[in-house]
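Welcome! Here is a short briefing for anyone meeting this structure for the first time. Take a look at the sequence and the model, then read on.

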Amino acid sequence: MADEDVQKELDRLRAENERLKQGRAPGEITLRVSEKGGVSVYGLGRFPVTLYQEQWEKLLAHTEAIRAFINEHRDRLKKKT
């Protein structure tokens, strides 16, 4: 590699490193389209939660039932600290 090419690559890597450092704030939720076309939610835990569009729509249609279930069973549910 020529010195000029090495310098360009170094500059590119520095810029990418800076962008990655800025990243997302702890606890921030981000969304991405997975390689297979699903919707991946990052920021909930160590791994993303990925479902296909129709699965998310089905789950979101039951939002109130999920909230009611959580409230009803709050005494038996644990919280991640």
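Let us begin in the sheet: strand 2 and strand 3 run antiparallel and are joined by 3 bridges. Please keep in mind that this is a predicted model. Overall, the chain holds 3 helices and 3 strands, and along the sequence they follow the pattern α-β-β-β-α-α.

**The sheet as a whole**

- The 3 strands make up an open sheet with the order 1-2-3, and their pairing is antiparallel.
- Strand 1 (30–33) and strand 3 (49–51) are the edge strands; each has a single partner strand, so one side of each is left without a neighbour in the sheet.
- On average, neighbouring strands of this sheet are turned by 20° against each other, direction ignored.
- As general background, strands of a sheet pair through backbone hydrogen bonds, and they can do so in a parallel or an antiparallel way.

**Strand 2 and its two partners**

- On one side, strand 2 (residues 39–42) pairs with strand 1 in the antiparallel sense, over 4 bridges.
- Two of the residue pairs between these strands can be picked out by name: Val33 has Val39 of strand 2 as its bridge partner, while Thr30 has Tyr42 of strand 2.
- For the pairing of strand 2 with strand 3, an example is Ser40, whose bridge partner in strand 3 is Thr50.

**The two hairpins**

- How many residues lie between strand 1 and strand 2 in their hairpin? There are 5, and Gly37 in this hairpin takes a positive phi near 90°.
- Strand 2 and strand 3 also form a hairpin, with 6 residues between them.
- In the turn of that hairpin sits Gly43, which has a positive phi of about 105°.

**A closer look at Thr30**

- Thr30 is part of strand 1.
- Is Thr30 buried or exposed? Its relative accessible area is 18%, and buried means under 20%, so Thr30 counts as buried.
- Thr30 and Gly43 are 13 residues apart along the chain, and their C-alpha atoms are separated by 6.6 Å.
- Gly43 has already appeared above, as the residue with a positive phi in the turn between strand 2 and strand 3.

**A helix across the sheet**

- Helix 2 (residues 53–60) lies across strand 2 and strand 3.
- The direction of helix 2 is at about 105° to strand 3.

**Salt bridges in helix 1**

- The structure holds 2 salt bridges.
- In general, side chains of opposite charge can pair when their charged atoms come close.
- One salt bridge brings together the side chains of Glu4 and Lys8, at 3.6 Å from N to O.
- Both Glu4 and Lys8 lie in helix 1 (residues 3–22), where they are 4 residues apart, about one turn of the helix.
- Glu4 counts as exposed at 53% relative accessibility, and Lys8 counts as exposed at 51%; the cut-off here is over 50%.
- Glu9 forms a salt bridge with Arg12, and their closest N and O atoms are 2.7 Å apart.
- Glu9 and Arg12 are 3 residues apart in helix 1, so about one helical turn separates them.
- Glu9 is partly exposed, with 31% relative accessibility, and Arg12 is partly exposed too, with a relative accessible area of 43%.

**Overall shape and surface**

- What radius of gyration does the chain have? The value is 20 Å, whereas a compact globule of 81 residues would have one near 12 Å.
- The C-alpha trace spans about 65 × 30 × 15 Å along its principal axes.
- Of the 81 residues in the chain, 7% count as buried.
- Among contacts with a separation of 6 or more, 5% come from residues 24 or more positions apart.
- The accessible surface of the chain is about 7800 Å², and 54% of this belongs to carbon and sulfur atoms.

Definitions and conventions:
Residues are numbered from 1 along each chain as its sequence is written. This is a predicted model: local features need pLDDT of at least 70, side-chain atom pairs count only at pLDDT 80 or more; totals for chains, interfaces and linings use all residues. Side-chain values use heavy atoms; hydrogens and water are left out. Two strands pair if DSSP finds at least two bridges between them. Axes are lines fitted to C-alpha atoms, for helices over the stretch in contact, and angles run from 0 to 180 degrees between N-to-C directions. Contact means heavy atoms within 4.5 Å. Buried means under 20% relative accessible area, exposed over 50%, partly exposed in between (1.4 Å probe, protein chains only). The radius of gyration is taken over C-alpha atoms; the globule rule is 2.2 Å times the number of residues to the power 0.38. Accessible areas come from the Shrake-Rupley method with a 1.4 Å probe; for residues, only the protein chains shown count as cover. A salt bridge is a side-chain nitrogen of Lys or Arg within 4 Å of a carboxyl oxygen of Asp or Glu.
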